[in-house]
Amino acid sequence: MITASSATPSAFPKAQIFQSKQLACNYLQRLVELGMSEVEAKKVARAVANYKAAKRAKRKQRSLQVRELMPTYWRRLIEVGVSMEDARTLAEIIARYDVLKQLPNEEQRRQLNQHCRYICRAELWRYELLAA
């Protein structure tokens, strides 16, 4: 897992390095225009670019984790009797909660409540998803 402290440019693909350098240049220019010394502006711009690159990599990793969990959850829901399309939607909602801690919106909450007994049978019950 890449963290902000280990976010070195060598840890990212070439496209991300280029994007980070562009971002750093843009920040550098803005900071100098605001009156910051060029040396300090370079340090700040580099730190911001590294932070954003690390954040982007972490978001990509979490998205991958959601996509990896979804088929497992989908299969478990299908096995307990949920229709294929509903199972896909429910699996995505639950996986997003498990990985991203993203609470469902009202429509998703309604779907979860509608299939509550199946979710429980599939052992995918999460208190925060079904209560509220």
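How many helices and how many strands does the protein chain have? The chain has 6 helices and 0 strands, and its pattern along the sequence reads α-α-α-α-α-α. The model described here is a predicted one. Of the 132 residues in the protein chain, 31% are buried. Among contacts with a separation of 6 or more, 52% join residues that lie 24 or more positions apart.

**Packing of H2, H3 and H4**

Two helix pairs, H2 with H3 and H3 with H4, are set out in the table.

| Helix pair | Angle between axes | Distance between axes | Handedness of crossing | Residue classes in the contact |
|---|---|---|---|---|
| H2 and H3 | about 135° | 7 Å | right-handed | 15 nonpolar, 1 polar, 5 charged |
| H3 and H4 | roughly 115° | within 10 Å | left-handed | 4 nonpolar, 3 polar, no charged |

Helix H2 spans residues 38-79 and helix H3 spans residues 84-100; the two pack at an angle of about 135°. Because of that angle, H2 is oblique to H3. On the H2 side the contact is made by Arg62, Gln65, Val66, Leu69, Met70, Tyr73, Trp74, Leu77 and Ile78. On the H3 side the contributing residues are Met84, Ala87, Arg88, Leu90, Ala91, Glu92, Ile94, Ala95, Arg96, Asp98, Val99 and Leu100. By class, the residues of this contact comprise 15 nonpolar, 1 polar and 5 charged.

The axes of H3 and H4 cross at roughly 115°, and therefore H3 is roughly perpendicular to H4. The crossing of H3 and H4 is left-handed. Here Thr89, Leu90, Ile93 and Ile94 of H3 meet Gln108, Gln111 and Leu112 of H4. The contact of H3 with H4 contains no charged residues; its members are 4 nonpolar and 3 polar. Leu90 and Ile94 of H3 are listed in the contact with H2 and also in the contact with H4.

**The buried side of H4**

Which residues of helix H4 are buried? In H4, which covers residues 106-114, they are Arg109, Gln111 and Leu112. These residues lie on the same side of H4 because they cover an arc of only 160° around the axis. The buried residues of H4 pack against H3, helix H5 (116-121) and helix H6 (127-130). Gln111 and Leu112 also belong to the set that meets H3.

**Asp98 in H3**

Asp98 lies in helix H3 and is one of the H3 residues in contact with H2. Is Asp98 buried, partly exposed or exposed? Its relative accessible area is 21%, so Asp98 is partly exposed; the cut-off for a buried residue is under 20%. Leaving aside residues up to four places away in sequence, Asp98 touches Leu69, Tyr73 and Arg126. Leu69 and Tyr73 are among the H2 residues in the contact with H3. Arg126 is 28 residues from Asp98 in sequence, and the C-alpha to C-alpha distance between them is 8.8 Å.

**Positive phi in two loops**

Lys101 is found in the loop between H3 and H4. Its phi is near 60°, a positive value in a residue other than glycine. With a relative accessible area of 57%, Lys101 is exposed. Glu123, located in the loop between H5 and H6, also has a positive phi, about 60°, although it is not a glycine. Glu123 is exposed, its relative accessible area being 61%.

Terms used. Residues numbered from 1 in each chain as written. Predicted model: local features only at pLDDT ≥ 70, side-chain atom pairs only at ≥ 80, totals over all residues. Heavy atoms only, no water. Axes fitted to C-alpha atoms, helices over the stretch in contact; angles between N-to-C directions. Parallel < 35°, antiparallel > 145°, perpendicular 65-115°, else oblique. Left-handed = near helix turned anticlockwise from the far one by under 90°. Contact = heavy atoms within 4.5 Å. Nonpolar A, V, L, I, M, F, W, Y, C, P; charged D, E, K, R; others polar. Buried < 20%, exposed > 50% of the residue type's maximum accessible area, 1.4 Å probe, protein only. Arc of directions from axis to C-beta.
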